[in-house]
Amino acid sequence: MAKILIVEDNALNIKLFCDLLVAHGHEPEAVTDSRTALDAARSFSPDLVITDIQLPHVSGLELIQMIRSDEKLAKVPIMAVTAYSARGDEERIRAAGAQAYVSKPISVARFAQTVNDLLAGKPQTVEHA
Ligand code: MN
């Protein structure tokens with residue numbers, strides 16, 4: 001069982017991600033406002049952070065950089081989820097400090113596999129779009 005922080009502003013996605021993670025035996029906690037995400041991560045001490053990229057106020061990319069710069073959270077694996085996969089997005093997401101990238105609408109199998117890989121400390125398997 002792993003503690004997984006979800007940062008996502010869409011209620012349906014939160015429900016989907018939480019249901020999937022609970023089904024795999026994990027303990028998810030979700031925040032909808034990226035402005036509170038860093039504090040939530042500090043107090044929850046997650047084993048993995050799953051963050052949307054398209055967030056109001058503080059974008060997912062900024063949040064990833066903030067987590068990477070935080071003394072307590074710097075080594076927590078981060079999985080980004082995004083609706084847009086424009087050319088260069090994956091590079092920007094990885095450059096910000098996320099280890100993995102899953103595009104929406106998510107494949108349930110791919111989502112679960114990526115979560116397991118990151119929790120096991122493995123690099124993400126290559127996505128065949
Ligand atoms: Mn969003």
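Along the chain, the donors of the manganese ion follow the spacing D-x42-D-x1-Q. Two of these positions, Asp9 and Asp52, link distant parts of the chain, 43 residues apart. The model described here is predicted. The points below cover the metal site, a helix pair and an aromatic pair.

**Manganese site**
- The manganese ion has as its protein donors Asp9 (OD), Asp52 (OD) and Gln54 (O), which lie 2.0 to 2.2 Å from the ion.
- Asp9 sits in the loop between β1 (3-7) and α1 (11-23), while Asp52 belongs to strand β3 (residues 48-52).
- Asp9 is partly exposed, at 39% relative accessible area.
- Asp52 counts as buried because its relative accessibility is 3%, and buried means under 20%.

**Helices α3 and α4**
- Helix α3 (residues 60-69) and helix α4 (residues 89-96) have axes that come within 8 Å and cross at roughly 25°.
- The two helices are therefore roughly parallel, since angles under 35 degrees count as such.
- On the α3 side, Leu61, Ile64, Gln65 and Arg68 take part in the contact, meeting Arg92, Ile93 and Ala96 of α4.
- Sorted by class, this contact of α3 with α4 has four nonpolar, one polar and two charged residues.

**Aromatic pair**
- One aromatic pair is present in the structure.
- The ring centres of Phe17 and Phe111 are 5.0 Å apart and the ring planes are at 20°, so the pair is stacked.
- Phe17 lies in helix α1 and Phe111 in helix α5 (residues 108-119), so this pair links distant parts of the chain, 94 residues apart.
- Phe17 is buried, with a relative accessible area of 1%, and Phe111 is buried with a value of 1%.

Key: Residues numbered from 1 in each chain as written. Predicted model: local features only at pLDDT ≥ 70, side-chain atom pairs only at ≥ 80, totals over all residues. Heavy atoms only, no water. Donors = N, O, S within 2.8 Å, 3.2 Å for Na, K, Ca; no water. Helix = DSSP H or I, 4+ residues; strand = E, 2+ residues; numbered from the N terminus. Buried < 20%, exposed > 50% of the residue type's maximum accessible area, 1.4 Å probe, protein only. Axes fitted to C-alpha atoms, helices over the stretch in contact; angles between N-to-C directions. Parallel < 35°, antiparallel > 145°, perpendicular 65-115°, else oblique. Contact = heavy atoms within 4.5 Å. Nonpolar A, V, L, I, M, F, W, Y, C, P; charged D, E, K, R; others polar. Phe/Tyr/Trp six-rings, centres within 6.5 Å; stacked < 30°, edge-to-face > 60°.
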